[in-house]
Amino acid sequence: MESLLELKDVSIDFQSKRKSFNIIKNINLKIDRKMKYGIVGESGSGKSLTSLAVMNLLSDNLSIGQGEIILRTEEEKVLNHLSKKAMRDVRGEDIAMIFQEPMTALDPLYTIEYQIIEVLKYHRKMSKKEMREKAIAMLTSVGISRPEKIMDDYPHQLSGGMRQRVMIAMALITEPKLLIADEPTTALDVTIQAQILDLMNDLTEEHGTSILMITHDLGVILETCDRVAVMYAGQVVEESTVKNVFDNPQHPYTQGLLKSIKTLGDRSEKLYSIPGNVPTPDEYQELGCRFATRCPFAFDKCFSEEPPAFQVGADQTSKCWLHDEEANPNE
Amino acid sequence: MRDFTRKIIEDKVGLVGLIGVLLVVLLAIFAPIIAPYAPDKMHTLHTMEGPSSQFLFGTDEFGRDIFSRVVYGAQVSLQVGLIAVGIGAFFGLLFGLLAGFFQGKIDQFIMRIMDIFFAFPDILLALTIVAVLGPSLTNTMIAIGIVFTPVFTRLIRSAVLTVKENEYITNAEAVGVSNTKIIVKHIAPNVMAPFIVQITLALSGAILTEAGLSFLGLGVQPPDPSWGVMLNESRSYMEIAPWMMAFPVTAIIITIFCFNLLGDSLRDLLDPKLKQ
């Protein structure tokens with residue numbers, strides 16, 4: 001079966017009058033129907049940009065330099081080549097998005113009812129009454145206990161968790177094929193986080209929606225996703241099923257990330273951290289691996305030539321020269 | 001809204017301003033009832049008389065009742081204020097929304113033109129425009145409207161830039177709302193607070209500028225009863241008939257003062273940073 005969303009060799013460039021550089025380089029992703037796909041990476045790794053690129057919401061100084069973003073619903077659409085109007089029909093209808101900050105993601109001047117119904121107005125032909133009924137049903141299904149009352153409330157009257165529930169209701173009310181969740185639980189309490197993740201899981205399972213989960217939290221990935229792509233400095237460095245990545249990480253960066261999680265009962269004094277910082281886009285090396293400067297295993301070739309994505313095992317890729325038997329000096 | 005009215009009333013200063021402004025408005029609306037005489041009626045036997053029970057504020061050199069002229073002057077002042085500020089506010093809102101939302105070349109184009117207007121002092125720019133268009137009530141309003149446009153544009157633009165960064169705007173885009181709808185439904189309503197405050201403050205500025213222009217003879221033309229015109233006429237008789245000057249000046253001061261009080265109070269009320 002063909003995948004629902006496919007990113008083929010997508011690169012994103014930044015241009016300003018003075019300089020221009022590449023930010024995201026040759027991303028390849030495939031998200032199947034009903035799949036829960038995670039992108040994990042540090043701040044500045046380009047994970048949010050990737051999701052905005054899918055929605056065609058990049059700011060003016062950013063553009064998709066090359067590659068194709070393909071969405072296959074009833075028909076096949078190349079999202080980055082769609083007209084503005086056609087793209088607006090895709091947004092909210094085929095792909096919905098949940099943002100990180102529930103505090104600012106709702107317009108403070110309108111009631112919850114208005115904001116949920118706004119989505120329906122653009123995508124469904126329904127009477128006012130039907131829309132209201134549908135909105136109430138949706139609020140009920142996201143676990144809001146008195147939906148009729150909430151409908152007339154303004155965003156500031158709701159708690160963070162409630163607002164995120166409303167956001168989920170807004171996103172799923174059109175039954176989109178894909179839900180992009182950009183750090184949906186980062187701004188919430190830990191106890192609420194689990195509830196929201198469970199809720200998203202249940203609802204998407206019910207409607208057969210795929211999820212693209214963007215997060216820096218490996219715990220969230222482990223809890224919700226089937227597959228995961230690890231991003232570093234605008235590239236996918238490792239990609240596989242969540243189980244493979246967690247049990248058998250191949251890329252030194254993934255290994256470093258997993259090592260820096262502190263588990264309960266671990267009494268060692270120091271928390272492991274990967275030395276150095278994520279480079280900013282203007283510091284990206286033209287040649288070689290972008291992680292080489294921080295990699296404990298780096299050797300000459302890492303600085304001179306960019307590694308391809310090596311197939312490791314049956315269903316895992318890792319972008320590292322260590323997997324090349326000829327190049328690796330340690331073998 | 002009820003909450004809002006209550007807050008204005010609780011704020012004593014704002015209440016004084018509000019009452020003052022309402023009084024001026026009532027004065028203007030009911031001028032024909034309040035004023036004992038027509039504003040241009042000449043009582044030739046009573047020229048330049050001091051205040052008396054027959055002529056409350058005295059009479060001018062043609063024997064016209066100054067009280068009646070001050071009352072009718074409120075009409076002119078408010079009319080100029082509202083229409084001129086209306087022009088400035090409308091174009092300011094339009095340009096500000098366009099510049100702030102689309103940024104880039106449109107922004108550069110609009111803001112550089114506004115900068116040119118900003119380079120001139122208000123009264124000088126208004127004078128120049130009136131001089132070109134010819135002095136009349138309508139042209140005064142147009143001139144003041146043009147002078148006020150850049151202030152509104154700059155204010156709205158900066159407010160739009162702040163509002164635009166909110167995730168609810170990205171969210172609206174992500175749901176498939178068109179640009180026009182986003183501007184009209186989500187951005188414009190969210191920049192209303194500073195806009196309203198600026199309108200009240202601009203009203204007092206417009207009234208003052210009109211009085212200034214009329215005083216210089218380039219605004220409202222005699223015999224129309226504008227406070228500025230009255231000041232101009234009283235100039236030559238300042239020593240022998242000081243009431244001719246005192247009453248219109250007082251009217252101007254009180255009106256401006258009340259509008260400013262109301263504006264200040266509104267600013268405090270609508271400032272999200274001061275909200276508890």
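A polar contact is a pair of N or O atoms within 3.5 Å, and within protein one of the two must be able to donate a hydrogen while the other accepts it. The structure described here is a predicted model, and contacts of this kind appear in both of the chains discussed below.

**Helix H11 of chain B**

At the N-terminal end of H11(B), B:Ser226 acts as a cap, with a side-chain oxygen that lies 3.1 Å from the backbone nitrogen of B:Gly228. The helix itself spans residues 227-234 of chain B, and because eight of its eight residues are buried, it is largely enclosed by the rest of the structure. Among these buried residues are B:Trp227, B:Met230, B:Asn232 and B:Glu233. The elements against which the buried residues of H11(B) pack are helix H4 (66-102), helix H10 (192-215) and helix H12 (243-270), which belong to chain B.

**Annotated regions of chain B**

An unreviewed UniProt entry places the feature "domain: ABC transmembrane type-1" at residues 74-263 of chain B. The UniProt annotation "transmembrane region", also from an unreviewed entry, covers residues 12-35, 78-101, 113-134, 140-156, 195-220 and 240-263 of that chain. The table gives the computed helix and strand content of the annotated domain and of two of the transmembrane spans, together with the distance between the end C-alpha atoms of each.

| Span | Helix | Strand | Distance between end C-alpha atoms |
|---|---|---|---|
| Residues 74-263 of chain B | 82% | 0% | 19 Å |
| Residues 113-134 of chain B | 82% | 0% | 23 Å |
| Residues 195-220 of chain B | 81% | 0% | 28 Å |

**A sheet in chain A**

Chain A contains an open sheet of four strands in the order E2-E1-E4-E5, with antiparallel pairing. Its edge strands are strand E2 (20-31) and strand E5 (76-78), each of which pairs on one side only. Neighbouring strands of this sheet are turned against each other by 10 degrees on average, direction ignored. Within the sheet, strand E1 (residues 5-15) and strand E4 (residues 62-72) of chain A run antiparallel and are joined by eight bridges, and A:Glu6 has A:Ile70 in E4(A) as its bridge partner. Helix H1 (residues 47-55) of chain A packs on this sheet, where it touches E1, E2 and E4 of chain A, and its direction makes about 110 degrees with that of E1(A).

**Cysteines and a buried glutamine in chain A**

Over all chains, the structure holds zero disulfides. Why does A:Cys302 form no bond with the closest cysteine sulfur, in A:Cys320? The two sulfurs are 6.0 Å apart, which is too far for a bond. A:Cys320 is likewise in no disulfide, its nearest cysteine sulfur being that of A:Cys295, 5.9 Å away. A:Cys302 is buried, with a relative accessible area of 7%, and A:Cys320 is buried with a value of 6%.

Another residue of chain A, A:Gln316, is placed in the loop between strand E11 (310-311) and strand E12 (317-318). Is A:Gln316 buried or exposed? A:Gln316 has a relative accessible area of 4% and is therefore buried, since buried means under 20%. The side chain of A:Gln316 reaches the backbone oxygen of A:Asn248 at 3.2 Å. Leaving aside neighbours within four places in sequence, A:Gln316 is in contact with residues including A:Glu238, A:Ser240, A:Val245, A:Asn248, A:Gln250 and A:Phe310.

Methods
Residues are numbered from 1 along each chain as its sequence is written. Chains are lettered from A and ligands numbered from 1 in the order in which they are written. This is a predicted model: local features need pLDDT of at least 70, side-chain atom pairs count only at pLDDT 80 or more; totals for chains, interfaces and linings use all residues. Side-chain values use heavy atoms; hydrogens and water are left out. Helices (H or I, at least four residues) and strands (E, at least two) are DSSP runs, numbered from the N terminus. Buried means under 20% relative accessible area, exposed over 50%, partly exposed in between (1.4 Å probe, protein chains only). Contact means heavy atoms within 4.5 Å. Two strands pair if DSSP finds at least two bridges between them. Axes are lines fitted to C-alpha atoms, for helices over the stretch in contact, and angles run from 0 to 180 degrees between N-to-C directions. UniProt positions are given in the numbering used here, feature names are shortened, and annotations may be inferred rather than shown by experiment. A disulfide is a pair of cysteine sulfur atoms within 2.5 Å.
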